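Please describe how the parts of this assembly are arranged, from the packing of single helices to the sheets and the contacts between chains.

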Amino acid sequence: MALLEVHNLVKAFGGLKANDDVSFAVETGELLGLIGPNGAGKTTLFNCVAGMFPPTSGRIVFAGEDVTALGSHEMARRGLARTFQVYVAGGDLNVLENVMVGCFMHTRSQSQARTRAEGILEDLGLRDLKLNLVNELPVAAQKRVTMATALATSPRLLLLDEVAAGLNPSEIEDIMAGIRHIHSELGITVMLIEHVMELVMNISERVIVLDYGRKIAEGLPQNVARDPQVIKAYLGERYVRERKAL
Amino acid sequence: MEAIKNALDFSDFPKIDRMLALAVFSFLLAFPLFPLSAFAMATMIQFLMFSLYGMGWNTIGGYGGQVDLGKAQYVGIGAYTTTVCLLRWDIPFWVSMPIGACLSIGWSFIIGYPLFKLKGHYFAIATIATSLVLKDLFEVWKFVGAARGLGILPFKYQVPDFTRLIFKEDIYYYYVIFVFFSIGLLYMNWFRQSRLGFQLRAIKDNEEVARSLGINVHWAKIKTYAIATAFVSVVGSFHAVYVKNIEPEDTMSLDLSILIALMAMLGGAGSLWGPIIGAGVLIPLKSYLKEWLGAAAGLVGIDLIIYGLIIMIISAFEPRGLWGIVEKARRRRRI
Amino acid sequence: MDILFGAVASGILLGMVLALVALGLTIIFGLMDIVNFAHGEFLMVGMYTGLLTAQATGMDPLFTLPLAGAIGFLLGVACYGGFVKYLLRGPMIAQLLGTFGLMLLLRNLALLFFGSEDRALHHGLLVGKSFDVGMGIILSATKLAVAALSVLAFCGVWLLMNRTKTGKALTATALNRQGARYMGIPTERMNALAWGIGGSTVTVAGALLVNFWSVNPYVGLIFTMIAFTVVALGGFGSVPGAFFAGLVVGFIMEIPGFWDFFAITFDIGWMADVPMTSFKYTWIYVAYFVIMLISPRGLFGWKQ
């Protein structure tokens, strides 16, 4: 039984179908990549699965339970955590406190939450930044903080939304190592949206491709990269035609 | 117990803050022992009461970020419960006060559930609406004396009466409210470090992110609202036995609700010391303004004009309140 | 029966004035998301202007409208430029409490200058006269004229908003502030203008209202709440919404009338004993609450 099953998911905003009949499964322990051109509906898919809004139609099954109608906090309590692409923080909580909020999901005790939070920050190399305000940190550190906060809820499935966006090559290396650590050492199933191809293609065990709301390809990274549908989606019809002509 | 340890833990404040707080606390403790006018004593009692009102408001309005302008209705419930219990069934304060708090909390859950589906100004106006509805009801309800209100006649009791909290001298009232004040302060210190306190801060930061961390936002707000209500109701009960004369117009008015919100807002909403600082500035100001200006012939309302101006100036130029100024100055020095 | 028709007629006439009262609030809110707690106080200023001018000059109160409008416009612009502009930079609590401070200021200034007694108009072109429309309904001529003028003012504002360049610029700013800026619309000036228009419509409403409603410094609060309810029902930001919602709220305020009608017609004893008139305003508050829970967007509103 897969950890997450999505069946025929449709999400429409008014007349626009952001997700059109998408189905896939995430097996426990997998590292799954989700790619596609801008506007393909990737974040919308995450939002539906994470419970931020209900799908227009379709079913979402998490750990054998139908969770289609559940909201974000209920999904979090069942073990699904996510990061946010754009995180506008009010600037009240520092890094440690942010992570503690996640820890409070499993404990009422402040000291327990603090200890655990410090452990997570240590794990992700954020110990020195723990008293800084999140919105005062450089982008790379902010991304790691969002990951740490999500991890604090002890998830079974972690959805990462473009955690490498805006990072330079060495920062991308760091975050790749972080994701690998979460996946292999902490044993958490990971699904990630990414535009940075060198990250997602290198790290994913399997990749799904969305274009205009539909799933157009699924499989091993190297196969997906060669799939003509995928190339067409990213580089355009004309490119494919011209290449064929050569 | 960890809770008590947390309540007494002020260690995240710089040393100077703790020294100052201790000094003020000692001053308040010793205050009635100095020779002073009845007026000064009454003002200090008011200060302690409004600090508590402000602290209660601060939970939902400051930490919770939902501006509540309808707290006066709970002052009313607390005050009337205690008064009616005393007048009709001779129930002592220490029983009627918790009863009042329970009634208030009950009511707060009933209206809180729909109320917290709203946010921002819609929420604020709705709190005003519910408070005024309750006030209107009390103004025609004969059981509670309608618009004329109820009065406690102190000579019917053997003073000093510690069970019913009827005293002739203010000093007794002072120490009772001072104990409440201290307990309230320790509770708030615990609150801001508690799970709920953290959850509220996360919600205020970014509600969607808070939800993704497993926080049931709606329920957290309702719980906090109930806490605020309990604070206010307890002080309302005290108000009833202290002033011994209550009517809807002065215990449940919109002006009182605004005043309560103002304590925290002026001092610094969302901070521990904010409501106390706010009360410390506003209550003496209000009392003395009224003394000098209000009663003077033809100058009715000047105290409120000054009041209004203060509110306007603070809102426009320093919305984070006096404590906000302190924090800003500190942050600048750190850099 | 005539009680019923009387209540209905009264409700409609009152409703039109209420719509005008709320109009300013919805324009300001639609433009800049700020709720003006001092709205009722502006109304009070309009009422006093109308009353005092009429008493001082002896002219008919209905002719005081232009003056009231001018004062309202200036008051609105002054409040914006001297105060509200700064509020907008701060958090919500500052905005709410800020206009509340303004309310206290205006209310107590009025108390200082005018004293706390009720004042009413006792003479005027139409004060005290009424038409007998048959079926036992007696329509007060004043209320009729006031209602007619309200509708006129409403149409005037609607025309302004939808048919003039300035009005369209205002609407554009309300819909998309940044976009409006790119179009070269001076948004700061639009803000001030909105407050000016908002201020003048409500002071004119006040000058109209004072023809049949006595004024004292405390009259502002209830009308602020009424205006909020009208705007909530009609939709924050919608001009036509304010009109229809005003009528509905006018009916709500006539509930004691309807209550009496039922009590007497169907001879229900216990109903007659309930002091419904004390609850005249309570229904407004309840209505606000219910409206916000069922349909926060109101009837026509596009802002939530």
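In this predicted model, helix 8 of chain B passes helix 10 of chain B in a left-handed crossing. The two helices, residues 195-205 and residues 217-243 of chain B, pack at an angle of about 120 degrees, and their axes lie 10 Å apart. Because of that angle, helix 8 of chain B counts as oblique to helix 10 of chain B. On the side of helix 8 of chain B the contact is made by Leu196(B), Gln199(B), Leu200(B) and Ile203(B), which meet Val217(B), Ala220(B), Lys223(B) and Thr224(B) in helix 10 of chain B. Sorted by class, the residues of this contact are five nonpolar, two polar and one charged.

Helix 8 of chain B also takes part in the contact with chain A, to which chain B contributes 20 residues and chain A contributes 28 residues. Helix 1 (2-7), helix 8 and helix 9 (207-212) of chain B each supply at least two residues of the side of chain B that touches chain A. Among these, helix 8 of chain B gives the most, with seven residues. The side of chain B that touches chain A has five nonpolar, eight polar and seven charged residues.

Chain B has a second neighbour, and the pair formed by chains B and C has the most contacts among the two pairs of chains that touch. Here 36 residues of chain C are in contact with 37 residues of chain B. Helix 3 (65-87), helix 4 (92-114), helix 9 (220-234) and helix 13 (282-294) of chain C each supply at least two residues of the side of chain C that touches chain B. The largest share of that side, 15 residues, comes from helix 4 of chain C. By class, the side of chain C that touches chain B has 30 nonpolar and six polar residues, and no charged residues. Chain A and chain C, by contrast, do not touch, and their nearest C-alpha atoms are 11 Å apart.

Turning to chain A itself, there are ten helices and ten strands. The radius of gyration of chain A is 18 Å, close to the 18 Å that the globule rule gives for 246 residues, so chain A is as compact as a globular protein of that length. Along its principal axes, the C-alpha trace of chain A spans about 65 × 40 × 35 Å.

One sheet of chain A is open and has four strands in the order 2-1-4-5, with antiparallel pairing. Strand 2 (16-26) and strand 5 (65-66) of chain A stand at the edges with a single partner strand each, so one side of each is left without a neighbour in the sheet. Strand 1 and strand 2 of chain A form a hairpin with two residues between them, and Gly14(A) in the turn has a positive phi of about 65 degrees.

A further open sheet of chain A has six strands in the order 6-7-8-3-9-10, and its pairing is mixed. Its edge strands are strand 6 (80-82) and strand 10 of chain A, each of which pairs on one side only. From one strand to the next, the twist averages 20 degrees. Strand 9 and strand 10 of chain A form a hairpin with two residues between the strands, in which Tyr212(A) takes a positive phi near 50 degrees.

The table lists strand pairs from chain A.

| Strand pair (chain A) | Sense | Bridges | Opposite residues |
|---|---|---|---|
| Strand 1 and strand 2 | antiparallel | seven bridges | Ala12(A) and Lys17(A) |
| Strand 1 and strand 4 | antiparallel | five bridges | Val6(A) and Ile60(A) |
| Strand 3 and strand 9 | parallel | four bridges | Gly33(A) and Val207(A) |
| Strand 7 and strand 8 | parallel | five bridges | Leu157(A) and Thr189(A) |
| Strand 9 and strand 10 | antiparallel | five bridges | Ile208(A) and Glu218(A) |

Helices of chain A also lie against these strands. Helix 1 (residues 42-50) of chain A lies across strand 3, strand 6, strand 7, strand 8 and strand 9 of chain A, and runs at about 150 degrees to strand 7 of chain A. Helix 9 (residues 228-235) of chain A packs on the sheet as well, where it touches strand 9 and strand 10 of chain A, and its direction makes about 130 degrees with that of strand 10 of chain A.

Note on methods: Residues numbered from 1 in each chain as written. Chains lettered and ligands numbered in written order. Predicted model: local features only at pLDDT ≥ 70, side-chain atom pairs only at ≥ 80, totals over all residues. Contact = placed C-beta atoms within 7 Å. Nonpolar A, V, L, I, M, F, W, Y, C, P; charged D, E, K, R; others polar. Pairing = 2+ DSSP bridges. Axes fitted to C-alpha atoms, helices over the stretch in contact; angles between N-to-C directions. Parallel < 35°, antiparallel > 145°, perpendicular 65-115°, else oblique. Left-handed = near helix turned anticlockwise from the far one by under 90°. Rg over C-alpha atoms; globule rule 2.2 N^0.38 Å.
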